[in-house]
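Work through the exercises below with the model open. Try each task before reading its solution.

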Amino acid sequence: MTDHPDFVVPDITTRKNAGLAHDPRDFTLPQPAARYTDEDHATWATLFRRQSDMLEGRACREFLEGLDLLGIDAERIPDFERLNRTLAAATGWRLVAVPGLIPDEVFFGHLAERRFPVTWWIREPHQLDYLQEPDVFHDLFGHVPLLAHPVFADYLEAYGKGGMKASRLGALPMLARLYWYTVEFGLIREGDDLRIYGAGIVSSRSESVYCLDSASPNRIGFDLERVIRTRYRIDTFQKTYFVIDDFAQLFDATAPDFTPIYHKLAALPTYGAGDIAPGDTVLQAGNREGWADTDDL
Ligand SMILES: [Fe+2]
């Protein structure tokens with residue numbers, strides 16, 4: 001979170017944005033497409049090809065349909081305005097270019113207005129497998145296809161509104177866990193199978209395999225209060241993935257006012273990232289192989 005007192009703007013963000021100005025109120029800037037080099041487009045193409053090949057049969061139907069509808073392909077880093085014409089017609093969402101991570105309240109303000117902030121620049125070729133901060137591949141390939149799905153689109157707008165409220169109530173750490181375990185690292189049922197919808201997974205080659213195939217992590221049925229109480233990892237694969245039945249379940253579970261939930265949960269202990277809790281619907285209890293033993297966030 002950029003509002004954390006220890007937050008420093010990553011070097012790559014500073015370097016990529018040198019000489020560019022963003023609007024100080026909402027952190028947007030016009031997508032600086034002229035700055036993309038041939039190498040940048042080639043990096044996009046490499047990332048796109050290897051992810052889209054692998055995601056057939058792993059990513060949920062809604063994600064793959066969104067990718068298709070929006071015409072996101074390997075050719076080059078997409079033009080945001082071209083995507084916006086299709087996306088606006090589908091769900092009323094639009095992308096806005098931003099320099100990198102932005103302050104929480106600015107981020108929530110965008111979501112509440114159905115604008116999705118997308119980091120405009122792409123990682124460097126030696127960072128294909130991992131980059132700590134979001135780039136255009138994570139933000140656009142990972143997040144934008146589902147914005148074309150009406151129910152998910154409504155969920156994310158509601159999340160933005162909820163974020164503005166949670167800021168006022170001092171409940172952001174709790175709400176951040178919901179984002180983490182759904183928007184970034186969520187799994188969904190599809191018939192008898194599990195599929196990926198979280199952007200942090202679909203934009204990562206290794207976690208796209210691990211989250212579905214590995215015996216290490218827990219896979220647990222989604223429960224709102226359980227998720228809000230669960231700490232997470234930012235430095236390793238997740239120890240637990242929460243599974244929704246469908247996007248309507250997610251939207252309905254998060255529709256009520258969270259204020260009483262925050263009050264209730266503030267008085268209760270949190271769960272570690274790998275805990276199994278009483279009442280969990282356990283689809284897989286992980287064998288814990290390879291789990292880091294440092295503290296969860
Ligand atoms: Fe993300």
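The exercises that follow treat a metal site and a cavity in this predicted model.

**Exercise 1. Find which protein atoms are donors of the iron ion, and give their spacing in sequence.**

Solution.
- Step 1. Look for N, O and S atoms within 2.8 Å of the metal.
- Step 2. The protein donors are NE2 of His138, NE2 of His143 and OE of Glu184. They lie 2.0 to 2.1 Å from the iron ion.
- Step 3. Read the donor residues along the sequence: the spacing is H-x4-H-x40-E.

**Exercise 2. Compare the donors with the UniProt record, and state how far the listed residues spread in sequence and in space.**

Solution.
- Step 1. The unreviewed UniProt entry lists His138, His143 and Glu184 under "binding site". Those residues are also the protein donors of the iron ion.
- Step 2. In sequence, they are spread over 47 residues.
- Step 3. In space they cluster, with a largest C-alpha distance of 10.1 Å.

**Exercise 3. Place His138 and His143 in the fold, and decide whether each is buried or exposed.**

Solution.
- Step 1. His138 lies in helix H6, which covers residues 136–143. His143 is in helix H6 too.
- Step 2. Apply the cut-off: buried means under 20% relative accessible area.
- Step 3. His138 has 13%, so His138 is buried. His143 has 5%, so His143 is buried as well.

**Exercise 4. List what His138 and His143 touch, leaving out residues up to four places away in sequence.**

Solution.
- Step 1. His138 touches Arg123, His143, Glu184, Ala199, Gly200 and Ser203.
- Step 2. His143 is in contact with Phe116, His138, Tyr179, Val183, Glu184 and Ala199.
- Step 3. Compare the lists. Glu184 and Ala199 appear in both. The two histidines also touch each other.

**Exercise 5. Describe the largest cavity: its volume, its lining and its link to the listed binding site.**

Solution.
- Step 1. Count the cavities of 30 Å³ or more: there is one. The largest cavity holds about 40 Å³ of space.
- Step 2. Its lining is Phe116, Gly142, His143, Leu146, Leu147, Phe152, Leu156, Val183, Tyr197 and Ala199. H6 and helix H7 (150–169) are the elements that give two or more residues to this lining.
- Step 3. Sort the lining residues by type: eight are nonpolar, two are polar and none is charged.
- Step 4. Check the lining against the binding-site set: His143 from that set is part of the lining.

Note on methods
Residues are numbered from 1 along each chain as its sequence is written. This is a predicted model: local features need pLDDT of at least 70, side-chain atom pairs count only at pLDDT 80 or more; totals for chains, interfaces and linings use all residues. Side-chain values use heavy atoms; hydrogens and water are left out. UniProt positions are given in the numbering used here, feature names are shortened, and annotations may be inferred rather than shown by experiment. On a 1 Å grid over the protein atoms alone, a cavity is a set of points where a 1.4 Å probe fits but cannot get out, and a pocket is an open set with protein on both sides within 12 Å along at least five of seven lines; lining residues have an atom within 4 Å of a point. Helices (H or I, at least four residues) and strands (E, at least two) are DSSP runs, numbered from the N terminus. Buried means under 20% relative accessible area, exposed over 50%, partly exposed in between (1.4 Å probe, protein chains only). Contact means heavy atoms within 4.5 Å. Donors are N, O and S atoms within 2.8 Å of the metal (3.2 Å for Na, K and Ca); water is not among the atoms, so sites may look incomplete. Grid points are joined across faces, edges and corners, and a volume is the space filled by probe spheres set on the points. Ala, Val, Leu, Ile, Met, Phe, Trp, Tyr, Cys and Pro count as nonpolar, Asp, Glu, Lys and Arg as charged, and the others, Gly among them, as polar.
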